[in-house]
Structures are given as C-alpha cells and as structure tokens.
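Visitor: Hi, I'm new to reading protein structures. Could you walk me through one?
Guide: Sure, let's put it up and go through it together.

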Amino acid sequence: TTLFRSRMMVNISKPDPKKFIWDPFCGLGTVLMQSELLGIPAIGSDVSAQAVGFTEENLRWLQQKALVPQLQSETFIYDIKYPRLPEEFKEIEIGSVVTEPFLGKMRSRPFESLKEAIHEWEREVKPLIKSLLQASYHVLPDDGLLAFVKPVYSYIDNRKVKWYNPRVEFDAKKWQQLIPSDGTYIWNNAEGTILKELGLLKKHK
C-alpha cells in the first residue's frame, strides 16, 4: 500500500530527527504523515496547490485524531523544475529526501509498443527525475540519502506483455547508487500496467 511504501522509504532514508525530510512531490502527504508519526520533522512541496492542500488536510487529521501531539511539518507550493531553491530552505536543514514523483499518466492497459513506453519516460518522467537529483544534491548534506520511486512500464510485443525498466542517469561523482535497478525492489499495483521501483542514492562527500 501507499502508506507502507512511504513508511519503508522514510526508514531507509535514515532520517536524522534533528533535521527535516523533504518530499518535493508531496501529493496526498503520505511521506509527511509517516514522518510525523515517527517524530521526524518534514517539509512538503508540490507544483500543485491542490496537492499541497490535500497534504495539509491529512496532517490536520493526524492531529485531530491525537496521533501526534503537535505538527512539525511545513508545506509550500514549489515547482522542482525551477532552478532556484525556495526561500524556505534558508531557515531549515534537510537531512534526507523521500519522494514519489509523477510517474506518467494513469493507464488501464499496457502501451502498444516499446517505443510508446520510452516516449512516456523521456517526455513526462525523466526530466522530473533529473530536476529531483539536481535539487536534492543542493540541499542534502554529505552522505545524505535520496529515496525515490520510478516507473516500470508494461507494453505489448507480439501479443505478449513485456516490461520496460528505464535507467535513471546520475553523475557517479556526485551520487552512489545503494539499490541496483534490477527489479529487486518493485511494487505492483492493482492494474499492473505501471510498476514502481525503489531507488536509493547517497550524496558523495
């Protein structure tokens, strides 16, 4: 489930309780909710004002249900493709980045071809992952961890369903890959048309 995945990602990011977790694609706020339940301050941002509103509503629900004594999280609207980091980061210290970026449009069936799946990755998701790595590198401390999810797309080839697992390109001088992109850590969903693979990178000193 989404909540289980968020808790797992927060845990593997080895959060420092004295520093903030940043989720730059906060969506419904599941990463921030799990951080709150673990007593770790978090900051959530999203290009969508509606998504930020959903996050704030879900955080208030935690407090209303007395699941957390006091909210530590902050939220704001921010487009990660914008090269300049938000002013909010001048007053806080980020310890880790945990997020699930936009993985492409929802689909009820596989792509008609490998070419279509590659096009979806190159056009919709790859630029966001690139921006995520750039922003995370600027805010993380040395040895800080970035835990994220990327898509694995299904497509039809000779009437059979096959899978396209795109590779995340990163600068090996800046990042160390801690989890190989070999299909070991993949979550399925009900439809099974787009799977989610866990990625974990550590910032080099």
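Visitor: What do the buried residues of helix 2 pack against?
Guide: They pack against helix 1, strand 1 (20-23), strand 2 (42-46), helix 3, strand 3 (74-77) and strand 4 (94-99). Helices (H or I, at least four residues) and strands (E, at least two) are DSSP runs, numbered from the N terminus.

Visitor: Anything I should know before we go on?
Guide: This is a predicted model, where local features need pLDDT of at least 70 and side-chain atom pairs count only at pLDDT 80 or more, while totals for chains, interfaces and linings use all residues. Residues are numbered from 1 along each chain as its sequence is written, and side-chain values use heavy atoms, with hydrogens and water left out.

Visitor: Okay. Which residues of helix 2 are buried?
Guide: Thr30, Val31, Leu32, Met33, Gln34, Ser35 and Glu36. Buried means under 20% relative accessible area, exposed means over 50%, and partly exposed is in between (1.4 Å probe, protein chains only). With seven of its eight residues buried, helix 2 is largely enclosed by the rest of the structure.

Visitor: And what does Gly39 do just after helix 2?
Guide: Gly39 takes a positive phi of about 80° there.

Visitor: How do helix 1 and helix 2 cross?
Guide: The axes of helix 1 (residues 2-12) and helix 2 (residues 30-37) come within 9 Å and cross at roughly 60°. That makes helix 1 oblique to helix 2. Axes are lines fitted to C-alpha atoms, for helices over the stretch in contact, and angles run from 0 to 180 degrees between N-to-C directions. Under 35 degrees counts as roughly parallel, over 145 as roughly antiparallel, 65 to 115 as roughly perpendicular and the rest as oblique.

Visitor: Which residues make that contact?
Guide: Helix 1 brings Thr2, Leu3, Ser6, Arg7 and Val10, and helix 2 brings Thr30, Val31, Gln34, Ser35 and Leu37. Contact means heavy atoms within 4.5 Å.

Visitor: What about helix 2 and helix 3, at what angle do they cross?
Guide: Roughly 25°, with the axes of helix 2 and helix 3 (residues 49-64) coming within 9 Å. Helix 2 and helix 3 are therefore roughly parallel to each other.

Visitor: Who meets whom there?
Guide: Leu32, Met33, Glu36 and Leu37 in helix 2 meet Thr55, Asn58, Leu59, Trp61 and Leu62 in helix 3.

Visitor: Let's switch to strands. How many residues of strand 5 are buried?
Guide: Eleven of the 13 are buried, so strand 5 is largely enclosed by the rest of the structure.

Visitor: Which way does strand 4 run beside strand 5, parallel or antiparallel?
Guide: Parallel, with four bridges joining strand 4 to strand 5. Two strands pair if DSSP finds at least two bridges between them. Val97 stands opposite Leu146 in strand 5, and Leu146 has Leu201 in strand 9 as a bridge partner.

Visitor: So how many bridges join strand 5 to strand 9?
Guide: Eight, and strand 5 (residues 145-157) and strand 9 run antiparallel. Val149 has Leu198 as its bridge partner in strand 9. Strand 9 (residues 194-203) is mostly covered, with nine of its ten residues buried.

Visitor: And strand 6?
Guide: Five bridges join strand 5 to strand 6 (residues 160-164), and these two run antiparallel. Tyr155 stands opposite Lys162 in strand 6.

Visitor: What's Asn158 up to in that hairpin?
Guide: Asn158 takes a positive phi near 55° in the hairpin of strand 5 and strand 6, which has two residues between the strands.
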